[in-house]
Structure formats: C-alpha cells, structure tokens
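This report is for a reader who has not met the structure before. Please look at the sequence and the model first, then read on.

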Amino acid sequence: MDLHVLPAPTCIKWPSSEVRTLVGSVLALLEIARLEVDRIMSLRRRVFVRACALLRVAIDPQTLGNQSCP
C-alpha cells in the first residue's frame with residue numbers, strides 16, 4: 001500500500017448543527033476580540049499623542065500643545 005495515497009472518502013459528512021453553532025460562536029468571539037484590540041490600539045495612540053504634546057509644552061512653554069509627535 002502506498003502511504004502517500006489516501007483512500008477516497010465513501011461519503012461526506014457535514015458538521016452537525018451543534019458544531020456549526022459552536023463555530024459561529026467562536027467567530028463572533030473573535031470578531032469581538034478584534035474590535036476590542038482596535039479600540040485599545042486607538043486609545044494607546046491618543047495617549048501617546050497627548051503625552052508627546054505635553055512633553056513639547058514642558059520643553060518649550062511657548063508651544064500651544066496642539067502639535068502631535070511625528
């Protein structure tokens with residue numbers, strides 16, 4: 001028997017409704033996680049820009065603090 005040749009399937013079984021429900025739930029959780037990561041990254045970016053502006057004002061009080069880091 002050749003080990004590189006797999007036998008042809010006799011029938012194709014579609015996932016049960018429980019498996020489809022589980023997969024749908026996992027996909028929904030992954031989407032929620034992606035949205036949460038996006039939200040956290042946006043918050044970090046805003047905090048970084050604000051910190052840079054505050055440092056610029058601390059270094060040069062003449063600046064208005066409206067500039068962001070490059």
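## A salt bridge in the helix

The model described here is predicted. Glu31 and Arg34 both belong to helix α1, where three residues, or about one turn of the helix, separate them. Their side chains form a salt bridge, and the closest N and O atoms are 2.6 Å apart. Glu31 has a relative accessibility of 36% and counts as partly exposed. Arg34 is also partly exposed, at 41%.

## From one pair to a network

Arg34 has a second partner: its side chain meets that of Asp38 in a salt bridge, at 2.9 Å from N to O. Arg34 and Asp38 are four residues apart in helix α1, again about one turn of the helix. Asp38 is partly exposed, with 39% relative accessibility. Through these contacts, Glu31, Arg34 and Asp38 are linked in a network of salt bridges.

## The pair Glu36 and Arg39

How many salt bridges does a search of the whole structure find? The search finds three. Besides the contacts of Arg34 with Glu31 and with Asp38, there is a salt bridge between the side chains of Glu36 and Arg39, at 2.5 Å from N to O.

Glu36 and Arg39 are separated by about one helical turn because they are three residues apart in helix α1. Glu36 has a relative accessible area of 36%, so it counts as partly exposed. For Arg39 the value is 47%, and this residue is partly exposed as well. The cut-off for exposed is over 50%, so a residue at 47% does not pass it.

## A nonpolar surface patch

Helix α1 spans residues 17-59 and includes Leu27. Is Leu27 buried or exposed? Leu27 is exposed, because its relative accessible area of 52% is over the 50% cut-off.

Leu27 is one of the residues that make a nonpolar surface patch of about 540 Å². The other members of this patch are Val19, Leu22, Val23, Val26 and Leu30.

## The protein as a whole

The secondary structure comes to one helix and zero strands. That helix, α1, covers residues 17-59, and the protein has 70 residues.

What share of the residues is buried? Buried residues make up 4% of the protein. The protein exposes about 6,700 Å², and 68% of this area is supplied by carbon and sulfur atoms.

In short, the predicted model has one helix and zero strands, three salt bridges, and a nonpolar surface patch that includes Leu27.

Notes
Residues numbered from 1 in each chain as written. Predicted model: local features only at pLDDT ≥ 70, side-chain atom pairs only at ≥ 80, totals over all residues. Heavy atoms only, no water. Patch = residues over 30% accessible without salt bridge, like charges linked within 9 Å, V, L, I, M, F, W, Y side chains within 5 Å. Areas by Shrake-Rupley, 256 points an atom, 1.4 Å probe, with all protein chains shown as cover. Salt bridge = Lys/Arg side-chain N within 4 Å of Asp/Glu carboxyl O. Helix = DSSP H or I, 4+ residues; strand = E, 2+ residues; numbered from the N terminus. Buried < 20%, exposed > 50% of the residue type's maximum accessible area, 1.4 Å probe, protein only.
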